[in-house]
Amino acid sequence: MNAKNIPSLQSNFLDKINKHVSFIVWSGIGTDSFATVMNYFDNHEYKVERVIMQQVKHDTLIEIPVIEANDKISYHLSNEMQALKNERDTTGKTLVLIFDELSYSTVAGSRALYEAVVNRKFGGIDLNPSDIVFALGKFDSEGEFINNVIPTSILNKVVHYVLRS
């Protein structure tokens, strides 16, 4: 797959696509695709959570096991994930997960994206059907995607777009 044979979009593309299907927006190096999408989601109906994929570690998004009185293990969300879930649930906002810097992801970042796309979970939070999941990646001057650790199994489960300036 190459950037030259994927649908090309302009900066207002988010008005025209189905945001309830997970997708990846590819752009050229030096293009500020994150600013483009933040401008779109910068209103009160969305709760945006940016996941910088090259910074995700294996323990970043895990549920914390807690032993209950009956000696059974239950799982609790980290304080950060619990706060995110509470804000989404109490305000009724749509959660927007932006997996940024896909091209430079860690293996843990790749797993977090897989969980969000395939299992509709993020850090132990069950995603609502209305929650939006997408990633931002880069392509080089030849149109080849820069991709270090994202498995084909994830790439095959999302819709791909190329953002042209």
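How many nonpolar, polar and charged residues does the lining of the second largest pocket have? By class, six residues of that lining are nonpolar, two are polar and three are charged. The structure is a predicted model, and this briefing covers its two largest pockets, a nonpolar surface patch and the setting of one loop residue, S130.

**Second largest pocket**

- The second largest pocket holds about 190 Å³ of space.
- Its lining consists of E49, R50, V51, I52, Q55, V56, T60, L61, E80, M81 and F122.
- Strand β3, spanning residues 46–52, provides the largest share of this lining, with four residues.
- Helix α2 (79–91) also supplies at least two residues to the lining of the second largest pocket.

**Largest pocket**

- The space in the largest pocket amounts to about 250 Å³.
- Its lining comprises 14 residues, and those nearest the pocket centre are L61, I62, A112, E115 and G123.
- Helix α3 (107–119) and strand β7 (121–122) each contribute at least two residues to the lining of the largest pocket.
- Of the contributing elements, α3 gives the most, namely four residues.
- The class composition of this lining is six nonpolar, three polar and five charged residues.
- L61 belongs to the lining of the largest pocket and also appears in the lining of the second largest pocket.

**Nonpolar surface patch**

- A nonpolar patch on the surface is formed by I67, I73 and Y75.
- Together, these three residues present about 360 Å² of accessible area.
- Within this patch, I73 is located in strand β5, which covers residues 73–76.
- I73 counts as exposed because its relative accessibility is 52%, and the exposed class begins over 50%.

**Setting of S130**

- S130 is situated in the loop that connects β8 (125–126) to β9 (132–139).
- With a relative accessible area of 32%, S130 is partly exposed, since this class lies between the buried limit of under 20% and the exposed limit of over 50%.
- Although S130 and V96 are separated by 34 residues in sequence, the distance between their C-alpha atoms is 9.2 Å.

Definitions and conventions:
Residues are numbered from 1 along each chain as its sequence is written. This is a predicted model: local features need pLDDT of at least 70, side-chain atom pairs count only at pLDDT 80 or more; totals for chains, interfaces and linings use all residues. Side-chain values use heavy atoms; hydrogens and water are left out. On a 1 Å grid over the protein atoms alone, a cavity is a set of points where a 1.4 Å probe fits but cannot get out, and a pocket is an open set with protein on both sides within 12 Å along at least five of seven lines; lining residues have an atom within 4 Å of a point. Grid points are joined across faces, edges and corners, and a volume is the space filled by probe spheres set on the points. Ala, Val, Leu, Ile, Met, Phe, Trp, Tyr, Cys and Pro count as nonpolar, Asp, Glu, Lys and Arg as charged, and the others, Gly among them, as polar. Patches are made of residues with over 30% relative accessible area and no salt bridge: like charges are joined within 9 Å, nonpolar side chains (Val, Leu, Ile, Met, Phe, Trp, Tyr) within 5 Å. Accessible areas come from the Shrake-Rupley method with a 1.4 Å probe; for residues, only the protein chains shown count as cover. A salt bridge is a side-chain nitrogen of Lys or Arg within 4 Å of a carboxyl oxygen of Asp or Glu. Buried means under 20% relative accessible area, exposed over 50%, partly exposed in between (1.4 Å probe, protein chains only).
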